[in-house]
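Here is a short walk through one protein model, written to be read with the structure open beside you. Feel free to click along as you go.

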Amino acid sequence: GSGAVTYTKVSGDCTLLGGALTPTAAGSCEITATKAADTQYASASVTSTITINKANQSVALTLAEVTVTYGQTLTLSGSGGEGNGAISYSVSEGTCTLNTAVLTPGDAGSVCKARVTRAESANYNSLTSAPIVITVTRATPTLGTLALSTKTFGDAAFALTGPSATYDNASVAGAWSYSSAQASVATIEDSTATITGGGTSV
């Protein structure tokens, strides 16, 4: 027949304007279609339920900070995604470890990659980011004073003792190397200094 077709919303998670349906949430929407009567046919209606699926999240997930110093920890802070699903973290590669959101790095320069996940919510599927590189930088120790006493030309060669080195209140291991600023005053081989003349050499 030639009767016009109209649509009405019965119930559900949608709005209807003319023939344009707009979902308002994941779920379902019940619509009745009615064809008007004409000279040959009576009006007729049919009701159908439309399923509204959850959407995929389209906003990228990121980390606020991606650099950590060796010997320290980094509390991960993610953002992005869509919906109100909880954010969680995981290590995808490397020597770093993770306790909830607190990341402990491996050695400086080592590989560490983490992923951010926003969980499924009422209207969105879950989303996990691609691996995000966490850069592990070297720690800078605090050095004590290099103790050097006054010497007299002709004194015997003497051994140099390195200063203390600490980081975060812990002793830092490592070999010391030495050089003389004035070879005419003192020369150094390995950790042994030899007086060569008068003056000052640091």
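The notes below take up a lysine and its surroundings, then a hairpin, an open sheet and a pocket.

Please keep in mind that this is a predicted model.

**Lys9 and its surroundings**

A good place to start is Lys9, which sits in strand β1, spanning residues 5-12. Is this lysine buried or exposed? Its relative accessible area is 40%, so Lys9 counts as partly exposed, the class between under 20% and over 50%.

Leaving aside residues up to four places away in sequence, Lys9 touches Cys14, Leu16, Glu30 and Ile31. Of these, Glu30 is 21 residues away from Lys9 along the chain, yet their C-alpha atoms are separated by 6.2 Å.

The side chain of Lys9 also makes polar contacts with backbone oxygens, as the table shows.

| Side chain | Backbone oxygen | Distance |
|---|---|---|
| Lys9 | Gly12 | 3.1 Å |
| Lys9 | Cys14 | 2.7 Å |

Cys14 thus appears both in the list of residues that Lys9 touches and as the owner of a backbone oxygen reached by the lysine side chain.

**The β2-β3 hairpin**

Cys14 leads on to the next element, as strand β2 covers residues 14-17. Strand β2 pairs with strand β3 (residues 20-23) in the antiparallel sense, over four bridges. Within this pairing, Cys14 has Pro23 of β3 as its bridge partner. Leu16, another contact of Lys9, also falls within the residue range of β2.

Together β2 and β3 form a hairpin, with two residues between the strands. In the turn, Gly18 has a positive phi of about 65°.

**An open three-stranded sheet**

Further along the chain, three strands form an open sheet in the order β8-β12-β11, with antiparallel pairing. Which strands stand at the edges? They are β8 (74-75) and β11 (97-99), and each has a single partner strand, so one side of each is left without a neighbour in the sheet.

β8 pairs with strand β12 (residues 102-104) over two bridges, in the antiparallel sense. In this pairing, Leu74 has Leu103 in β12 as its bridge partner.

As background, strands of a sheet pair through backbone hydrogen bonds.

**The second largest pocket**

The last stop is the second largest pocket, which holds about 200 Å³ of space. Its lining is made up of Tyr70, Asp107, Ala108, Arg138, Ala139, Thr140, Pro141, Tyr167 and Val172. How do these lining residues divide by character? Six are nonpolar, one is polar and two are charged.

Conventions: Residues numbered from 1 in each chain as written. Predicted model: local features only at pLDDT ≥ 70, side-chain atom pairs only at ≥ 80, totals over all residues. Heavy atoms only, no water. Buried < 20%, exposed > 50% of the residue type's maximum accessible area, 1.4 Å probe, protein only. Contact = heavy atoms within 4.5 Å. Polar contact = N/O pair within 3.5 Å; in protein donor to acceptor, adjacent residues only side chain to side chain. 1 Å grid on protein atoms, 1.4 Å probe; cavity = no way out; pocket = protein on both sides within 12 Å on 5 of 7 lines; lining within 4 Å. Points joined across faces, edges and corners; volume = space filled by probe spheres on them. Nonpolar A, V, L, I, M, F, W, Y, C, P; charged D, E, K, R; others polar. Pairing = 2+ DSSP bridges.
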